[in-house]
Amino acid sequence: MSTYLLITGVAVGVYVVVYYKFVKGAQCKSKAKLHGKTVIITGGNTGIGKATALELARRGARVVLACRSRPRAEAAVNDIKEKSGSSEVVYRQLDLASLESVRSFAENFLKTEPRLDLLINNAGLLMGGRTEDGLGMMFGVNHLGHFLLTNLLLERLKEGGAARIVNVASLGHRFGSIDFDCLSAHKELGRGSSTFGLMKIYSHSKLCNVLFTHELAKRLQGTNVTCYSLHPGTINTELSRNTSRVLRVLLLPITALFFRGVEAGSQTTLHCALQEDIERHSGRYFSDCAVQEVDAKARDDAVARKLWEVSETLCGLR
Ligand SMILES: NC(=O)c1ccc[n+]([C@@H]2O[C@H](COP(=O)([O-])OP(=O)(O)OC[C@H]3O[C@@H](n4cnc5c(N)ncnc54)[C@H](OP(=O)(O)O)[C@@H]3O)[C@@H](O)[C@H]2O)c1
Ligand SMILES: *[C@@H]1O[C@H](CO)[C@@H](O)[C@H](O)[C@H]1NC(C)=O
Ligand SMILES: *[C@@H]1O[C@H](CO)[C@@H](O)[C@H](O)[C@H]1NC(C)=O
């Protein structure tokens, strides 16, 4: 009897592992080539961003890695050049935890690069602390830095024909909410620095990504620029590096067994960036290379507009 139980247990375990690691998760099917096109990808030096950058370089794009650490970014540039055989991969300094850095990145980009076809807002972190401007770290980096960056680059995107903006959000947005009182009092989406508290703020910041995309699509109507948000899957990356040691140790076996690799993690971003005929879904949220329904709070027009206006004020756009 116990032998049967053991065999059943093992079989179920193997099935679960195989299912999550190899079966579940769609592939980007687009064969689009990108010769002559320019892409910016934030946080393209590691994790999902690096895997995305590699594939875009393979397809012929000029890829600009917008990263905060020169040594980490230069190592990635060399690696991507070698693996893709492309020489059109460059690093430009961008620290999303500094609005001044975002402004000088955009200024430098607009001066030196004649076109922009794809903006991939991929960088993100899960940690407490404050940005250079005194904003909460996750609100500042995951949302506001990307909000400012996108706004500063919009004109260039509009000039180039059918351009796209892809915002890497997360399934975690479902557990988020936007507390505007907290935001105005503390310039962060929540309080508390426990692991649980930080996870909550992270979810709030990812809800900002989805709402930002929702509002942006409305503001882009009548242009040839479209935008999308997405969940990349649960992917084994460096994202948990600055969480508590206990959590990292607990996560280790789960991550190793059930989280998928970065190539799988890049598929939905690639789908939103490349797939033909998804323009009618501008503003929507994707997962597993398909458009998905979201909760009412993630497509709330009033909240999305208010977040846009508060964001404009906080980064000095109004
Ligand atoms: N992994 C998952 O399971 C998962 C699930 C849902 C959503 N996501 C989202 O996927 C995106 C990519 O994350 P990942 O999992 O690939 O994590 P990762 O391996 O930690 O990569 C994050 C990237 O963001 C960059 N970054 C962080 N702070 C920055 C700043 N202030 N300025 C510029 N760049 C900054 C990092 O640069 P450094 O290397 O210099 O630190 C790194 O390149 C994030 O938006 C994350 O929220 C991930
Ligand atoms: C959008 O693209 C179409 C087809 O290339 C072009 O005719 C049209 O003028 C563009 N619209 C704008 C607002 O740029
Ligand atoms: C975050 O983690 C990285 C990698 O372990 C480390 O180099 C960095 O100092 C950490 N940052 C903070 C603020 O703890």
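Two strands pair if DSSP finds at least two bridges between them. I wrote that down before opening the model, which is a predicted one, and then I began with the strands.

**Entry: strand β1 and its partner**

I looked up β1, which spans residues 38–42, and found that it is joined to strand β2, residues 62–67, by 5 bridges, with the two strands running parallel. To fix one place in this pairing, I followed Ile40 across and noted that its bridge partner in β2 is Val64. Next I asked how many residues of β1 are buried. The count is 5 of its 5 residues, and the strand is mostly covered. I then sorted the side chains by direction: Val39 and Ile41 point one way from β1, while Thr38, Ile40 and Thr42 point the other way, and all of them are buried.

**Entry: the surroundings of ligand 1**

I turned to ligand 1 and found 31 residues surrounding it, the closest being Asn45, Arg68, Tyr202, Ile235 and Thr237. By kind, this shell divides into 13 nonpolar, 12 polar and 6 charged residues. Two helices, α2 (47–58) and α7 (195–219), each supply at least two residues of the shell.

I then listed some polar atoms beside the oxygen atoms of ligand 1. A side-chain N or O atom of Arg72 is 2.8 Å from an oxygen atom of the ligand, and a backbone N or O atom of Gly43 lies 3.2 Å from a ligand oxygen. For Gly233, a polar backbone atom is 3.4 Å from an oxygen atom of ligand 1. On its own, ligand 1 has 890 Å² of accessible area, and the protein covers 97% of that.

**Entry: the surroundings of ligand 3**

Which residues surround ligand 3? I found Met127, Arg241 and Asn242 there. A polar side-chain atom of Asn242 lies 2.5 Å from an oxygen atom of ligand 3. The accessible area of this ligand on its own is 360 Å², of which the protein covers 30%.

**Entry: Asn209 in helix α7**

I returned to helix α7, where Asn209 has its place. Is Asn209 buried or exposed? Its relative accessibility is 5%, and because buried means under 20%, Asn209 counts as buried. Leaving aside its neighbours within four places in sequence, I found Asn209 in contact with Asn142, His143, Asn167, Val168, Ala169 and Ser229. With Asn142 I could also note a distance, since a polar side-chain atom of Asn209 lies 3.0 Å from the backbone oxygen of Asn142.

**Entry: Lys83 in helix α3**

I located Lys83 in helix α3, which covers residues 70–84. Apart from neighbours within four places in sequence, Lys83 is in contact with Leu54 and Arg58. I also checked Ala57, which is 26 residues away from Lys83 along the chain, and found their C-alpha atoms separated by 9.2 Å.

**Entry: two positive phi values**

Most residues other than glycine have a negative phi. With that in mind, I looked up Lys187, whose phi is near 50°, a positive value in a residue other than glycine. Lys187 is found in the loop between α6 (180–186) and α7, and it is partly exposed, with a relative accessible area of 33%.

I noted Asp277 as well, where phi is near 65° and so again positive in a residue other than glycine. Asp277 has its place in the loop between α10 (267–274) and β7 (285–287). Its relative accessible area is 57%, and because exposed means over 50%, I recorded Asp277 as exposed.

Notes. Residues numbered from 1 in each chain as written. Chains lettered and ligands numbered in written order. Predicted model: local features only at pLDDT ≥ 70, side-chain atom pairs only at ≥ 80, totals over all residues. Heavy atoms only, no water. Near = heavy atom within 4 Å. Polar contact = N/O pair within 3.5 Å; in protein donor to acceptor, adjacent residues only side chain to side chain. Areas by Shrake-Rupley, 256 points an atom, 1.4 Å probe, with all protein chains shown as cover. Helix = DSSP H or I, 4+ residues; strand = E, 2+ residues; numbered from the N terminus. Nonpolar A, V, L, I, M, F, W, Y, C, P; charged D, E, K, R; others polar. Contact = heavy atoms within 4.5 Å. Buried < 20%, exposed > 50% of the residue type's maximum accessible area, 1.4 Å probe, protein only.
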